[in-house]
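Take a moment with the sequence and the 3D view. Then follow a few residues, one at a time.

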Amino acid sequence: MAMVQNKKRRMKRRVAKPKICRLCENKIAYIDFKDAELLKKFQTEKGRILPRRITGTCLKHQKMLAVAVKRARIVSLVL
């Protein structure tokens, strides 16, 4: 038992900086689906929407972003 516990390594957790919503900083109240350049920043190369934990957007803007990307896909503005 003692040997098993000694073999386990304890990883130090890094304290991550809180991600700040870029859209809140710029005081964007509405995300327009026709703004393809903005929407491409929040997508992968294949066109998938990046999650909040990666982009750092707040819940309100992430929901608006998802709707805008889906509408832009229908109109063929983004992948």
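What follows looks at two residues in a helix and two outside it.

This is a predicted model, where local features need pLDDT of at least 70, side-chain atom pairs count only at pLDDT 80 or more, and totals for chains, interfaces and linings use all residues. Residues are numbered from 1 along each chain as its sequence is written, and side-chain values use heavy atoms, with hydrogens and water left out.

Start with helix α5, residues 59-74. Helices here are DSSP runs of H or I with at least four residues, numbered from the N terminus. Q62 lies in α5. Is Q62 buried or exposed? Q62 counts as buried because its relative accessibility is 12%. Buried means under 20% relative accessible area, exposed over 50%, and partly exposed in between, using a 1.4 Å probe and protein chains only. The side chains of Q62 and T57 share a polar contact of 2.6 Å. Such a contact is a pair of N or O atoms within 3.5 Å; within protein, one must be able to donate a hydrogen and the other to accept it, and residues adjacent in sequence count only if both atoms are side-chain atoms.

A72 also sits in α5. Its relative accessibility is 0%, so A72 is buried. Beyond four places in sequence, A72 contacts F33, L39, L77 and V78. Contact means heavy atoms within 4.5 Å.

Now leave the helix. Most residues other than glycine have a negative phi. K27 is not a glycine, yet its phi is positive, about 55°. K27 is in the loop between α2 and α3. S76, in the segment after α5, has a positive phi near 65°. K27 is exposed because its relative accessibility is 74%; S76 is exposed because its value is 60%.
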